[in-house]
Each structure stands twice: as C-alpha cells, then as structure tokens.
Amino acid sequence: MGKKRSASSRRWLDEHESDPWVQRARDEGWRSRAVFKLQELDRKDHLIKAGQAIVDLGAAPGGWCQYAANKLNGRGTIIGIDLLPIDPLPGVTCLQGDFESDEGLAQLEAALPPAEPGSHRVDLVLSDMAPNMSGIPVADQARAMNLVELALAFCDDHLASGGSFVAKVFMGEGFDAWLAAVKQRFATVAMRKPEASRDRSREQYLVARNYQGPPAV
Ligand SMILES: C[S@@+](CC[C@H](N)C(=O)[O-])C[C@H]1O[C@@H](n2cnc3c(N)ncnc32)[C@H](O)[C@@H]1O
C-alpha cells in the first residue's frame, strides 16, 4: 500500500493546483511559477540585459534561468546551480551542487567566464535559494540567513563594479545586520514583494544595484 500523504502536503498540492500563477506558468511554458517574481522585479528594476554574465543560485527547476535566457537571446552567459538537477536549457550552464559547500562553490567558480586578474566579471547575481524548512523557526532563519550571507560574499568575490544582486530573504534574526552590509556595498537597495509571492510567505526580495565593492577596512 502506498504511503499516505500528510494533511499539510495534501493542502500544499491542492493549493498548488488551484494557484493561478501555476496555471499561467504552465500555459506560457515556464518551468516554475517563480518566474513571475523575477519578471516583475526585472520589469521594475531593468536587471537583465543582453551581454551580461548572470549567476543563478538555487536555480532548479529553472524558471529564472529560462526567463534570463529568453532575454539574453544567446548574447551573454548564464550559470545556474542547485542541489537538485536542472534539466538542460539552451544558453544556460546547469550545475548540480551545494552552493554552501567548498566543492559546490569551486564548481561554480570554474564555470564563470574568464576575467582579467583582479577584475570581476559577473554582472548579476540572483539567489532564490531557500533552505528545506525544518519547522524550527530559529534554525530555519539561521539557515536562510547563511544562504544570503554566502551569496553576498560571492558578490564580493565575483560581481563587477556597477553589478546587481537579487536575493530572496526572510525577515527575522540576522536580517538587519545583513541588510546593513548590503547597503555598504550597493548604491541602490530596495525590498520588494512581487505579486506572485504568496501573502502568507515571509519571503521578500532584495534588489541591490550599482555594486561599489566591500567597504574599506
Ligand atoms: C524556490 S526554488 C528556486 C526556483 C527557481 N528560481 C525557478 O525559477 O525555478 C529554491 C531552490 O534553492 C535550492 N537550494 C537551497 N539550498 C541550496 C544550496 N545550498 N545550494 C544550491 N541550491 C540550493 C533548492 O534546492 C531549490 O531548488
């Protein structure tokens, strides 16, 4: 006999099936409903432009990569990484690895386009990463903050001057200090809640533009 679904996973499935963003993603041929969040941010903030080198952290199943690839239309580079496999996408280098691990980071760095020594080549860092929630709020918040802290460190190592950073973030312990660190590095910083982001989800999206580098110590 098959394993019974829990009430919460059944509720999630029911909600998913009746979600208009899910329907629309299917109708329009996108891999995920998440694509509409990036689309809204991009329409507002003009993030994705032909010729860019884009890194997508937590990219599976590939909606954001798909959207970026459509916009770049062969002019530029997109590298997506996820713990889960990402089905091949034209114009996208799909990596399976853990961005939090040294091996995953090394795999990602090896795929970046070449840069002159001392210069940074990435124009846009996207992070839609979210940890698997354990249900223990303090632990989940700490893990979510670790992901965005590492994404910001990745910006320091690879984002070109003037580049942009988009990150899903959860308000809670550690957020204010992280936001302050972002503000030290980018000329323009905004928090956004795209329409496709569920009201009851605590997630918000940071959009930081015009990277200036880490503060002098
Ligand atoms: C909301 S989904 C991303 C959806 C994607 N933006 C899209 O449009 O299809 C979040 C992803 O983050 C990934 N993730 C979480 N922690 C990660 C890590 N340490 N390294 C790589 N990927 C991670 C998860 O596996 C999950 O697929």
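Two strands count as a pair if DSSP finds at least two bridges between them. Keep that in mind, as this tour spends a good while in a sheet. One more thing before you start clicking: what you have open is a predicted model.

**Stop 1: the whole chain**

Show the protein chain as a cartoon and give it a slow spin. You should be able to pick out 7 helices and 7 strands. Walking from the N terminus, the elements come in the order α-α-α-β-α-β-β-α-β-α-β-α-β-β. The C-alpha trace spans about 60 × 40 × 35 Å along its principal axes.

How does the radius of gyration fit with a compact globule? For 217 residues, such a globule would have a value near 17 Å, and this chain has 17 Å, so the two agree. Of those 217 residues, 34% count as buried. Look at the contacts too: among those with a separation of 6 or more, 60% are between residues 24 or more positions apart.

**Stop 2: the sheet**

Now select the strands and hide the rest. They form an open sheet of 7 strands with mixed pairing, in the order β3-β2-β1-β4-β5-β7-β6. At the edges you'll find β3 (93-96) and β6 (186-192); each has a single partner strand, so one side of each is left without a neighbour in the sheet. Look along the sheet and you can follow the twist, which averages 15° from one strand to the next.

Some background while you're here: strands of a sheet pair through backbone hydrogen bonds, either parallel or antiparallel.

**Stop 3: strand by strand**

- Select β1 (residues 53-57) together with β2 (77-82). These two pair in the parallel sense over 5 bridges, and D56 stands opposite G80 in β2.
- Keep β1 and add β4 (122-127). This pair also runs parallel, joined by 4 bridges. Find L57, which stands opposite S127 in β4.
- Next, add β5 (residues 159-170). It pairs with β4 in the parallel sense over 5 bridges. For a landmark, use V122, whose bridge partner in β5 is L159.

Is β4 enclosed or left open by the rest of the structure? Bring the other residues back and check: 6 of the 6 residues of β4 are buried, so this strand is largely enclosed.

**Stop 4: a helix on the sheet**

Select α4 (63-72). This helix packs on the sheet, where it touches β1, β2 and β4, and its direction makes about 175° with that of β2.

Step back into the loop between β1 and α4, and you meet P61. The peptide bond joining A60 and P61 is cis, with omega about 0°. It is worth zooming in on, given that most peptide bonds are trans.

**Stop 5: two residues with positive phi**

Most residues other than glycine have a negative phi. Here are two that go the other way.

- H46 has a phi near 50°. Look for H46 in the loop between α3 (35-45) and β1. It has 10 other C-beta atoms within 10 Å; 12 or fewer makes a residue exposed, so H46 is exposed.
- N73 also has a phi near 50°. You'll find N73 in the loop between α4 and β2. With 9 C-beta neighbours inside 10 Å, N73 counts as exposed as well.

**Stop 6: a buried leucine**

Select L108, in helix α5 (residues 102-111). Is L108 buried or exposed? Count the other C-beta atoms within 10 Å: there are 20, and the cut-off for buried is 20 or more, so L108 is buried.

What does L108 touch, leaving aside residues up to four places away in sequence? Show I79, I81, L95, G97 and F99. Then draw a distance line from L108 to I136: the two are 28 residues apart in sequence and 30 Å apart in space, C-alpha to C-alpha.

**Stop 7: the ligand**

Finish by showing the ligand and the 22 residues around it. Which of them come nearest? Label S32, A34, G58, G63 and D128. Then colour the shell by type, and you get 13 nonpolar, 4 polar and 5 charged residues. Two elements from earlier stops turn up again here, as α4 and β2 each supply at least two residues of the shell.

Technical notes. Residues numbered from 1 in each chain as written. Predicted model: local features only at pLDDT ≥ 70, side-chain atom pairs only at ≥ 80, totals over all residues. Near = placed C-beta within 6 Å. Nonpolar A, V, L, I, M, F, W, Y, C, P; charged D, E, K, R; others polar. Rg over C-alpha atoms; globule rule 2.2 N^0.38 Å. Contact = placed C-beta atoms within 7 Å. Axes fitted to C-alpha atoms, helices over the stretch in contact; angles between N-to-C directions.
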